[in-house]
Amino acid sequence: MGTLGLGVVGCGTISKTYLKRLPGFDVLRLVAVADVRDGVAEKQAAEHGIPRWYDSTEALLADPDVDLVLNLTPPLMHAEVALAALRAGKHVYNEKPLAATLEQGRQLVAGFRRPPESSAAVEDHGDPGKPDAPGPQPVRRGGGLAEHGG
Ligand SMILES: NC(=O)c1ccc[n+]([C@@H]2O[C@H](COP(=O)([O-])OP(=O)(O)OC[C@H]3O[C@@H](n4cnc5c(N)ncnc54)[C@H](O)[C@@H]3O)[C@@H](O)[C@H]2O)c1
């Protein structure tokens, strides 16, 4: 089976749980992390042996090895980051909530409906802190919004 190159946007509290568990997923290759706060992405990259780190979402989205973006930014940024990733032709795995306002949510769903042919988006409803949580799943191909977790 091929692997998806994963780029993590947002290196805050919950990223530590994700970064600890991600090596257990054979379908994912953790290639880069990004955060707008000084030194945060660099530190996470060093701690977890991640090849590249960036100080902006845009820089991570320009990395051709990133196929899938794991959006771990605060809720206010979810829609903006997810839409930018879709427009860059990446798959998106979005932390809950989907967006912070109804209008942002509508814009994001409209974006999901017009992704590039091969991209797709997933909104997380699981709990990465629980050992039996579903965790990241392979994304659906061909565009559209998929959900998992409970
Ligand atoms: N903390 C938890 O236990 C927990 C649990 C489940 C889900 N979540 C969800 O995960 C998401 C992140 O939560 P957190 O607690 O890690 O938040 P956090 O505030 O600790 O971390 C968010 C990080 O995103 C970075 N960031 C903000 N805007 C950015 C941008 N445009 N580009 C790149 N980086 C950016 C911030 O600098 C920060 O380091 C939230 O949506 C939250 O609801 C958190």
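This passage walks through a predicted model of one protein chain and its ligand.

Let's start with the overall build. The protein chain has 150 residues, and 49% of them count as buried. Its secondary structure adds up to 5 helices and 7 strands. Reading from the N terminus, these elements come in the order β-α-β-α-β-α-β-α-β-α-β-β, which ends on two strands in a row. Contacts tend to reach a good way along the sequence: taking those between residues at least 6 apart, 62% join residues at least 24 apart. On the outside, the chain has an accessible surface of about 7700 Å², and carbon and sulfur atoms account for 54% of that.

How far can the model be trusted? The average pLDDT of the chain is 84, and 75% of the residues score at least 70. One stretch to handle with care is residues 135-143, where pLDDT stays under 50. Even so, the model gives this stretch 29 contacts beyond four places in sequence.

Next comes the ligand. It is surrounded by 18 residues, and the closest are Ile 14, Asp 35, Arg 37, Thr 57 and His 78. Sorted by class, this shell is made of 8 nonpolar, 6 polar and 4 charged residues. Two helices, H1 (13-21) and H4 (75-87), each bring at least two residues to the shell. Of the elements, H4 gives the most, with 3 residues.

Some of the pairings with the ligand are polar. Asp 35 places a polar side-chain atom 2.6 Å from a ligand oxygen atom. In the side chain of Thr 57, an N or O atom sits 2.7 Å from a nitrogen atom of the ligand. Thr 73 takes part through its backbone instead, with an N or O atom 3.2 Å from an oxygen atom of the ligand. As for cover, the ligand on its own would expose 830 Å², and the protein buries 73% of that.

One more residue is worth a look: Ser 56, which lies in the loop between strand E3 (52-54) and helix H3 (57-61). Is Ser 56 buried or exposed? Its relative accessible area is 19%, so Ser 56 counts as buried, the cut-off being under 20%. A polar atom of the Ser 56 side chain lies 3.0 Å from the backbone nitrogen of Ala 59. Leaving out residues up to four places away in sequence, Ser 56 touches Ala 34 and Asp 35. Asp 35 is also one of the residues closest to the ligand.

Conventions
Residues numbered from 1 in each chain as written. Predicted model: local features only at pLDDT ≥ 70, side-chain atom pairs only at ≥ 80, totals over all residues. Heavy atoms only, no water. pLDDT = per-residue confidence, 0-100. Contact = heavy atoms within 4.5 Å. Near = heavy atom within 4 Å. Polar contact = N/O pair within 3.5 Å; in protein donor to acceptor, adjacent residues only side chain to side chain. Areas by Shrake-Rupley, 256 points an atom, 1.4 Å probe, with all protein chains shown as cover. Helix = DSSP H or I, 4+ residues; strand = E, 2+ residues; numbered from the N terminus. Nonpolar A, V, L, I, M, F, W, Y, C, P; charged D, E, K, R; others polar. Buried < 20%, exposed > 50% of the residue type's maximum accessible area, 1.4 Å probe, protein only.
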